[in-house]
Amino acid sequence: MRLLLLILLVAAALPAAAQTPVPDPVMTPLVADVLFPPRAVPGSDGRRHLVYELGLANASPAATTLQKIEVLEADTAKTLFSLDRDDVARRLSIGGRRGAESADLGTGQFGVIFLHVPLDAAAPTPSALVHRITLRLALPDPVEITETAGKTDVSGVPPPVLGPPLIGKGFVAADGCCDTIRHVRALLPLNGRFALAQRFAIDWEQVDGDNRLVKGSLADPKSYTIYGQPVLAVADGTVVSARNDLPEQVPGALPANLPIAEADGNFIVLDIGGGAYVLYAHLQPGSVVVGAGAQVKRGDILGKVGNTGNSQAPHLHLHVMDGPSPLLANGIPYVFDAFTVTAVDSAGTPDFDKAEATGTPLTLTPLTPPQHLHKVLPLDLSVVEFSR
Ligand SMILES: [Zn+2]
């Protein structure tokens, strides 16, 4: 008995610093969790980018308005990025569904905020992040509360390095990283969990010498500059799955009532090792020259750009993911070994959409001289030249 008491006293006398401090329990209105730990990617703007999603649930008995979200480096509490209420209102999707954005979370409501944190070239990549959230509770006397939540590690795994997927000039990186919506926010509830395979996808199109994506009949796939371009293996790898039999869609509108299994049209999934899989989607019928099990070398021609599946204009949808299913996977960042940026469309996605839908030229700002870049990701609406 005396021995046990002695052990207890000695244990109590051990310095507290030897143990992980246990926080005191505090009631918080919001529950917050990062859906997938982010992984930084160097971009063609010279910065590194963290792109990820924070799920938020209002577990309080009152409606809340999110006034501010600060992204902090977890170790130092240094603020890396800050969103005000208007920013939140553009990025918080109720239920995680695109098109339902709000800064307000009602009692019991859940939302997902799509975050993009750019890091200056000289700044170190943080090893972990946490979020300081300032919110207003709609009580008879409104109360402002700040809570810290949603801690996540940042993956230190470098992004895979890819060779060119296409060869030539004038390739436009549409719906690319990091603030566009169609890929970056393509969060899907699948098989009982969230998946975001397209987070870093690019829809590659191409301009002609007059900066046009399409010339001639808008309803004919052959009118589009990129149509029929050979698509190359971006790395040595093994084909996991492929399809070659779906017909071209008529450009101009997305097809109605397409089964989810046909969304990618004719496609190839290539296992490039290290847990990375590359999806090539919307390929021309009959053009896919590889099947499941085929071993390919970087630079091998795999197929041709087409307009099959859920596509309204010929393009190459390319993304990298952490599993073999084109939808039921998590999108991971990647970089290209080498490419040249010759111009950017600083007029943004509406300009691109108009050029695709009407045949007007893109509003391009040429880069003089062109920028030769290595091991970075071309950011949204960069115009890129790839060579062998
Ligand atoms: Zn796409």
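Select strands β19 (residues 276-283) and β22 (residues 316-321). In this predicted model, the two run antiparallel and are joined by five bridges. To find the register, pick Leu279 and look across to β22, where His319 stands opposite.

Stay on β19 and colour by burial. Eight of its eight residues are buried. General background for reading any such strand: side chains in a regular strand alternate between the two faces of the sheet.

Next, add β18 (residues 266-273), another partner of β19. Six bridges hold this pair, again in the antiparallel sense. One of the bridges to display is that between Asp271 and Tyr277 of β19. Then move to the turn of the hairpin, where two residues lie between β18 and β19. Gly274 takes a positive phi there, near 65 degrees. As for cover, six of the eight residues of β18 are buried.

Now extend the selection to β17 (residues 237-242). Strand β17 pairs with β18 over four bridges, in the antiparallel sense. Asp271 of β18 is the residue to centre on here, with Thr238 standing opposite. Asp271 therefore serves as a landmark for two steps of the tour: Tyr277 is its bridge partner in β19, and Thr238 faces it as well.Now show the largest nonpolar core, which has 98 residues. Which residues touch the most other members of this core? They are Ile113, Val278, Leu279, Tyr280 and Val383. Strand β19 supplies seven residues, the largest share of the core. The core lies between domain 1 (30-153) and domain 2 (161-386), because both give residues to it. As a general point, nonpolar side chains in soluble globular proteins tend to be buried together.

Centre on Ile113 and display its surroundings. Leaving out residues up to four places away in sequence, Ile113 touches Glu53, Leu54 and Leu56, and also Ile69, Val88, Arg91 and Leu92.

Colour the chain by domain, with residues 30-153 as domain 1 and residues 161-386 as domain 2. Their centres, taken over C-alpha atoms, are 29 Å apart. Where the domains meet, 17 residues of domain 1 are in contact with 22 residues of domain 2. On the domain 1 side, select β2 (41-42), β3 (48-58) and β8 (110-119), each of which supplies at least two of the touching residues. What is the make-up of this side of domain 1? Its residues divide into seven nonpolar, six polar and four charged.

Finally, zoom out to the whole chain. Three helices and 25 strands are present. Along the principal axes, the C-alpha atoms fill a box of roughly 90 × 55 × 45 Å. Of the 388 residues, 43% are buried. Among contacts with a separation of 6 or more, 71% are between residues 24 or more positions apart.

Methods. Residues are numbered from 1 along each chain as its sequence is written. This is a predicted model: local features need pLDDT of at least 70, side-chain atom pairs count only at pLDDT 80 or more; totals for chains, interfaces and linings use all residues. A residue is buried if 20 or more other C-beta atoms lie within 10 Å of its own, exposed if 12 or fewer, and partly exposed in between; C-beta atoms are placed from the backbone. Two residues are in contact if their C-beta atoms, placed from the backbone, lie within 7 Å. Two strands pair if DSSP finds at least two bridges between them. Domain bounds come from an automatic or database domain assignment. Ala, Val, Leu, Ile, Met, Phe, Trp, Tyr, Cys and Pro count as nonpolar, Asp, Glu, Lys and Arg as charged, and the others, Gly among them, as polar. A nonpolar core is a set of buried Ala, Val, Leu, Ile, Met, Phe, Trp, Tyr and Cys residues joined through C-beta atoms within 7 Å.
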